[in-house]
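The following paragraphs lead the reader through one protein model, from its general make-up to individual side chains. Please keep the structure in view while reading.

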Amino acid sequence: MELSSCFANPPAPKPFSFSSSVSPFPLRIRLKNPRKKLPTWRGRSVVAVAVDPKQDLPRNSPQRLLKELAERKRATSPKKKAPPKRFILKPPLDDRKLADRFLNSPQLSLKSFPLLSSCLPSSKLNNADRTWMDEYLLEAKQALGYPLEPSDRFGDDNPAKQFDSLLYLAFQHPSCERTNARHVRSGHSRLSFLGQYVLELALAEYFLQRYPRESPAPMRERVFGLIGKRNLPKWIKAASLQNLVFPYDDMNKLTRKDREPPVKSVFWALFGAIYLCFGMPEVYRVLFEVFGMDPDSEDCQPKLRRQLEDVDYVSVEFDTKTLSWQDVAVYKPPEDALFAHPRLFRACVPPGMHRFRGNIWDYDSRPKVMQTLGYPLNMTDRIPDITAARNIELGLGLQLCFLHPSKYKFDHPRFCYERLEYVGQKIQDLVMAERLLMKHIDAPGKWLQERHRRVLMNKFCGRYLRDKHLHHLIVYSEQVQDSYEHNRRLRNPATTAVQQAIHGLSYAVYGKPDVRRLMFDVFDFEQIQPKAVV
């Protein structure tokens, strides 16, 4: 804004010069009647007239835009960019408030179920949570085939008492309206983190027993065909749960990027809640009865590939018929069974392994492996012959864990560690997920997922086996032995596979507690044990 007056004397002419590449020349501007003087007015006030320079310049003139920009910069002071929220330091809670928060948290309320307790919400459910439960929980229970009565009617010694709270958390995906609450967001992500590994282990056990002669590659394709993220909306719709996942939208009209992530998160969290409250048999019932998954459908069939001819025997229980999901879900081992999961052991270790009893590896390498792993464990068996038979089968299973596919696979496809490696990888993932959930009760699922991935990276798993100097005992074929021993790009995946096969054998013979012992006591996956000073 400029101020000018019509009574001011006109300025004297001044010379203007512009530099030029040709020659400098003076420029003189002459005004009309320069000597004419305007009368001076004394005793009268000077009236100033405001002239807007914007009116003189065209609207799209660059000079006008530059002037506006300069005025705006002068008017507004420069603002400092706010730091991200995660870097803003909050005052810490004092000891009393911190103690009250932990003591009143539902996560510390169940001493007999530590894993279930760690997946409960970090604070008690409020009125907004109760409103959702009153409106939608009965519909969810009816669709899943559960009684409509509140789960509070169960006793404190029954994990199903917490089913209502976990079922509510399972449906609060990151895109819903209740996700702004910290206890809801964190509780749902933790359930989803656990549920993905529960699903993979359940389907791995099922397909290993249903197809006793198949290699793990077609099984992975079957699993992906059933629970791949592209197919999950189909199962949610088959169970009539789409209105609970998207209460305000039509799921069929949403794009894939808006439809699949919420459905996947709810699907995983749902099976995390079912596993915590009812166990693995109920996971099978909901998968195949409620969602209607069919392992024989065209969508989940593996692609055609050249199959190696399998001339070896399978166990009698697999040779007579193809097992259904009911056979796997309701199966309970007899009291005098050799193993914790006898049918899974028979599905992974072929009966023909007895031909390897008494070979060089059995006499030379097996004692070293069993001593390093702390085998055999002390078991209180009613009959001493059961203990001796278990130890023999354990030795044969360990020899199978160290049989590389290059040795016998092309003539005997199941005489290698691949099937044990497949189940070992899944039980290893689940055990580590449970460990992280119980160890970090206040961590969200995304952080746990990243931590889980970093701990179980393939190169680290193989490194723990090599630290025990067990990789020298792997049996390769003569043609590739030199390459695997001197090339780490070949050796490291092989040692990782052997590590996972050992976990699979441990799960089949002694159960999940022994997998925990191997992972955290023997191999020290978390690297928290003191190292020996050399």
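What percentage of the 534 residues of the protein count as buried? The share is 46%. The model is a predicted one, and its secondary structure consists of 25 helices and 4 strands. The protein exposes about 31600 Å², and carbon and sulfur atoms supply 53% of that area. Among contacts with a separation of 6 or more, 72% are between residues 24 or more positions apart.

Helix 18 is a suitable element with which to begin. This helix covers residues 384–401, and its 18 residues, at 1.5 Å a residue, should span 26 Å. The C-alpha atoms at its ends are 26 Å apart, so the expected and modelled spans agree. The buried residues of helix 18 include Ile386, Arg390 and Glu393, as well as Leu398, Gln399, Leu400 and Cys401. Against what do these buried residues pack? Their partners are helix 15 (342–348), helix 16 (360–364), helix 17 (366–373), helix 20 (418–439) and helix 24 (488–509).

The cysteines come next. A disulfide is a covalent bond between the sulfur atoms of two cysteines. The count of disulfides in this protein is 0. Cys401 is in no disulfide, and the nearest cysteine sulfur, that of Cys348, is 9.6 Å away. Cys401 is buried, with a relative accessible area of 0%. Why does Cys277 form no bond with Cys119? The sulfur of Cys119 is the closest cysteine sulfur to that of Cys277, but the two are 9.7 Å apart, which is too far for a bond. Cys277 is likewise buried, at a relative accessible area of 4%.

A buried polar residue offers another point of detail. Gln172 lies in the loop between helix 6 (163–170) and helix 7 (182–210). With a relative accessible area of 3%, Gln172 counts as buried, because the limit for that class is under 20%. Its side chain reaches the backbone oxygen of Tyr168 at 3.1 Å. Leaving aside residues up to four places away in sequence, Gln172 touches Trp132, Arg178, Val184 and His188.

Charged side chains complete the picture. Side chains of opposite charge can pair when their charged atoms come close. The protein has 30 salt bridges. One of them joins Asp310 and Arg414, with an N to O distance of 2.6 Å. This pair links distant parts of the chain, 104 residues apart: Asp310 is in the loop between helix 12 (280–290) and helix 13 (316–319), whereas Arg414 is in the loop between helix 19 (405–408) and helix 20. Are Asp310 and Arg414 buried or exposed? Both are buried. Together with Arg213, these two residues are linked in a network of salt bridges.

Two further salt bridges may be set beside that network. Lys161 and Asp156 meet through their side chains at 2.4 Å, N to O. Lys161 counts as partly exposed, at 23% relative accessibility, while Asp156 counts as exposed, at 58%. Asp514 and Arg517 form a salt bridge at 2.8 Å, N to O. Both residues belong to helix 25 (residues 512–522), and because they are 3 residues apart, about one helical turn separates them. An α-helix has 3.6 residues a turn, so residues three or four places apart point the same way. Asp514 counts as buried, at 3% relative accessibility.

Technical notes:
Residues are numbered from 1 along each chain as its sequence is written. This is a predicted model: local features need pLDDT of at least 70, side-chain atom pairs count only at pLDDT 80 or more; totals for chains, interfaces and linings use all residues. Side-chain values use heavy atoms; hydrogens and water are left out. Helices (H or I, at least four residues) and strands (E, at least two) are DSSP runs, numbered from the N terminus. Buried means under 20% relative accessible area, exposed over 50%, partly exposed in between (1.4 Å probe, protein chains only). A polar contact is a pair of N or O atoms within 3.5 Å; within protein, one must be able to donate a hydrogen and the other to accept it, and residues adjacent in sequence count only if both atoms are side-chain atoms. Contact means heavy atoms within 4.5 Å. The expected span of a helix is 1.5 Å times one less than its number of residues. Accessible areas come from the Shrake-Rupley method with a 1.4 Å probe; for residues, only the protein chains shown count as cover. A disulfide is a pair of cysteine sulfur atoms within 2.5 Å. A salt bridge is a side-chain nitrogen of Lys or Arg within 4 Å of a carboxyl oxygen of Asp or Glu.
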